[in-house]
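Biologist: Could you take a close look at the salt bridges in this one for me? I'd like to hear who pairs with whom and how hidden the partners are.

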Amino acid sequence: MEIFTIDVGKGTQDMLYSYEGMNPENWIKTIFPSPSTILYEKVMRMKENLRIDGYVMGGGPLKIAIFEHLRKGYKVTISEKAARTIKDNLDFVREKGIKIVEKVENPNLILGDLNFAMYEELLSLAGRQFRPEIVAVACQDHGFVKGQSDRMTRFSYFEKKLKVTQNPYEFFFTEKTGFFTRFDAILEQLKDNGFKGFVMDSKIASICGILSYASDMGIKNFIGLDIGNAHTLGVSMKGERIVGIFEHHTKYLDEE
């Protein structure tokens, strides 16, 4: 069995291709700039109007580049399908001077958190074929409910999910949610490219990783921290159950 796992962050995308029966130390591992960072660099080099299509993806650096392109005097047209990359509130996107259309003719920028052509090329350089039975994706999505702050939407999901299960391994998605637009887009990309898989919030995935280490060391009750470039998460675990969780933007945290 071959499994492809990828964590799409703000600055990097960390990839692991695993083979059943092979020593994990020999699995293929690589770290690349995040898709948003790669597209940021591309937009900053472009000297033409932007015609954007594709899927919803993590905005981050890419949004900065698009706004800078507007300030330079270029026009930006984007498909409605991809526009939520900039902001889930499409009225906000239009107010910025970006034209949203149903279909973009001859796009010069294609959005998406997943790039299967790149994965296939990377595997071919290692003399392997890209043919995973499962694709497991981790990223972050605040979620979107009109009239409600994204942070409230995100924490409301955590609160409701924890009433159903406290097992972090059960916090994953195989079907569209209707409000986590980035997760839904990733599931759509998997389906459109003929792959089976799932998506999990990267902070919950970090809890699973911390739990794995703790279990190996025989530690049952603990507080775990995942301090990322953009978000910091703290979790209190009792056995394999989440009994407390907090999250905040890393840049707003100080010692106190």
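Modeller: Asp113 is buried, since its relative accessibility is just 1%. In this predicted model, Asp113 makes a salt bridge with Arg182, with 2.7 Å between the closest N and O atoms. Arg182 sits in helix H7 (residues 181-192) and Asp113 in the loop between strand S7 (109-111) and helix H5 (116-125), so this pair ties together parts 69 residues apart in sequence. Arg182 counts as buried too, because its relative accessibility of 11% falls under the 20% cut-off.

Next up is Glu247 with Arg154, another salt bridge, where the closest N and O atoms are 2.7 Å apart. That pair also links distant parts of the chain: Glu247 belongs to strand S12 (residues 241-249) and Arg154 to helix H6 (residues 150-164), 93 residues apart. Both Glu247 and Arg154 are buried.

Now for a local one. Arg71 and Glu68 form a salt bridge, their closest N and O atoms lying 3.2 Å apart. The two are three residues apart in helix H2 (residues 61-71), which means about one helical turn separates Arg71 from Glu68. Arg71 is exposed, because its relative accessibility of 62% is over the 50% cut-off. Glu68, at 26% relative accessibility, is partly exposed.

There's a network as well: salt bridges link Lys81, Lys176 and Glu188. If you're tallying, the count for the model is 10 salt bridges.

Technical notes
Residues are numbered from 1 along each chain as its sequence is written. This is a predicted model: local features need pLDDT of at least 70, side-chain atom pairs count only at pLDDT 80 or more; totals for chains, interfaces and linings use all residues. Side-chain values use heavy atoms; hydrogens and water are left out. A salt bridge is a side-chain nitrogen of Lys or Arg within 4 Å of a carboxyl oxygen of Asp or Glu. Helices (H or I, at least four residues) and strands (E, at least two) are DSSP runs, numbered from the N terminus. Buried means under 20% relative accessible area, exposed over 50%, partly exposed in between (1.4 Å probe, protein chains only).
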